[in-house]
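Okay, thanks for coming, everyone. I'll put the model up and then walk you through it piece by piece.

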Amino acid sequence: MKKLALILLLATLCASAAAAQTASPAVKEYVKVEAPTIALTHVRVVDGTGASAKEDQTVLLSGGKVQTVSGATFKLPGDTKTIDATGMTLLPGLVLLHEHMFYPAGGGVFHEMPFSFPRLYLASGVTSLRTGGSIEPYTDIELKKSIDAGKSPGPKIHITGPYLEGSPPPILQLHGLGGPEDARKTVAFWADAGATSFKAYNVLTRAELKAAIDEAHARKLKLTGHLCSIGFREAAALGIDDLEHGLIVDTEFYPDKKPDVCPDPTKVSMHLATMDVNGPEIQQTIRELVERKVAVTSTLPVFELFVPGRDATPARVLTAMSDSAKVLYLTSRARLDDPARNQQRYGAPAAPWGKLFQMEMQFERAFAKAGGLLVAGTDPTGNGGTLAGFGSQREVELLVEAGFTPLEAIQICTQNGARYLGIENEAGTIAPGKAADLILVKGAPDKNIADIEKVDTVFKDGIGYDPQKLIDSVRGLVGIR
Ligand SMILES: [Zn+2]
């Protein structure tokens, strides 16, 4: 039996050696490990399924895939490059679903970051992502092609088309839909151009949303939404696949909510802060979302930075920013604690964000406990303090703060994302035959989640990238390109 297993293993290795991945010259300077066969020895493995870590494993990579994960000692092929990973943990690459290639430039304008963001994502262990709406959809599509062709470093990108926004669009860079037929045509056009996902936005109508969902579903594509004019239960009934951000943006509980109209977000927030997550209304919404198999995307990092008193922006975040991005962000943070401004806006010296942030965490736990598919994302927008990659790691940490175990938080950010995208057979967990999209970290993030930041190597299709070199290459550039 053992002999047969060995023969099978060798056969796999031979077959895959032919298809061995090599880094293209354009990304080579960021590559740390590259060989036809790589063995990580004495490594702890957290496989992304929620299972406990396995100690002292040997993981063999070749042909861009994981070939073997074993606790037994076996003879390694002659040309194997061996990495002694004692004291390190191997995780699946993160699969995150609310990602952007753009960044706020202030004044409601957004600039595309096709240079810095893909590098920060990859350096931080994000190997697959879905953009969650696009400002420059053609740029995103060409960026994906460029990364896939090995012309620039970055993760595997699943493209979401331009925001499906109503009229007039609150952001000038967006198209305002002119009715259901426009919504249908917009989905059709961008699906033909390469978008595999769509996102409805704040002020579209139910008729526009319905037309967009029907067109997307007819093409077997999914549609998510960051909604305001439409409540969560309305959207679920129309067939939406995913709701971004969770409870914090759900307007359906606001007493003065009018159909198809986005109410004043400040008033919605203040009302929401008076509610109880365990109360019948929110619990009913959770039940309906679970019943209709609507996923929810957790995006805690972007909200965290609106909570007064949570000023822990790490130095690495500020170092990555341009001077003007830093000034914009720090100015906006300082305003959060301005009692006069809060009094004017919220009628109280402090904004309700501390309460809302706790409610959001409670909602996400309750939704997952009820059997809902909770997925995760970074949303590098907000006041500018949430960056691609660094913010992605922060999401995993905040899920632990929300009450998930580290293993559950890792699973939400790996297997759950892959499940939603329908790529579970290729990504999101560590198992033979799956893509060698992996994060090697120092320490044990299943015991101390902050270790998720101690990235030693990020593997994408079996090629090991150097996180520090990628981060150094974008120093001072976030906000510029
Ligand atoms: Zn977003």
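**A walk through the model**

Let's start with a single residue: alanine 315 lies in helix H10 (residues 315-320). By helices and strands I mean DSSP runs, H or I over at least four residues for a helix, E over at least two for a strand, numbered from the N terminus. Before I go on, this is a predicted model, so local features need pLDDT of at least 70, side-chain atom pairs count only at pLDDT 80 or more, and totals for chains, interfaces and linings use all residues. Residue numbers run from 1 along each chain as its sequence is written.

So is alanine 315 buried or exposed? Exposed, because it has 7 other C-beta atoms within 10 Å. The cut-offs there are 20 or more other C-beta atoms within 10 Å for buried, 12 or fewer for exposed, and partly exposed in between, with C-beta atoms placed from the backbone. Its C-alpha atom is 33 Å from that of proline 162, and the two are 153 residues apart along the chain.

Okay, domains. The protein splits into domain 1 (2-90 + 440-465) and domain 2 (94-421), with bounds from an automatic or database domain assignment. Their centres, taken over C-alpha atoms, are 32 Å apart. The contact takes 20 residues from domain 1 and 22 residues from domain 2, where contact means C-beta atoms, placed from the backbone, within 7 Å. On the domain 1 side, strand S18 (residues 455-460) gives the largest share, 3 residues.

Now the sheets. One is open, with 3 strands in the order S7-S10-S11 and parallel pairing; pairing needs at least two DSSP bridges between two strands. At its edges you have strand S7 (94-99) and strand S11 (156-158), each pairing on one side only. The twist averages 20° from one strand to the next, using axes fitted as lines to C-alpha atoms (for helices, over the stretch in contact) and angles from 0 to 180 degrees between N-to-C directions. Strand S10 (residues 126-131) pairs with S11 over 3 bridges, and leucine 129 has isoleucine 157 in S11 as its bridge partner.

The other open sheet has 5 strands, S12-S13-S14-S15-S16, again with parallel pairing. Strand S12 (197-200) and strand S16 (374-376) each have a single partner strand, so one side of each is left without a neighbour in the sheet. Strand S15 (residues 295-298) runs parallel to S16, joined by 3 bridges, and serine 298 stands opposite alanine 376 in S16.

Both of those residues come back with leucine 399. Skipping neighbours within four places in sequence, leucine 399 contacts Ser298, Leu300, Ala376, Phe404, Ala409 and Ile412. Leu399 is also one of the residues buried in H14. In fact 10 of the 12 residues of H14 are buried, so the helix is largely enclosed by the rest of the structure. Just after H14, glycine 403 takes a positive phi of about 115°.

Last, the core. Which residues touch the most other members of the largest nonpolar core? Out of 130 residues, they are Leu40, Leu90, Leu120, Leu164, Ala212 and Leu399. Helix H13 (residues 353-369) gives the most to this core, 7 residues, and the core draws at least three residues from each of domain 1 and domain 2. A nonpolar core here is a set of buried Ala, Val, Leu, Ile, Met, Phe, Trp, Tyr and Cys residues joined through C-beta atoms within 7 Å.

Terms used:
Contact = placed C-beta atoms within 7 Å.
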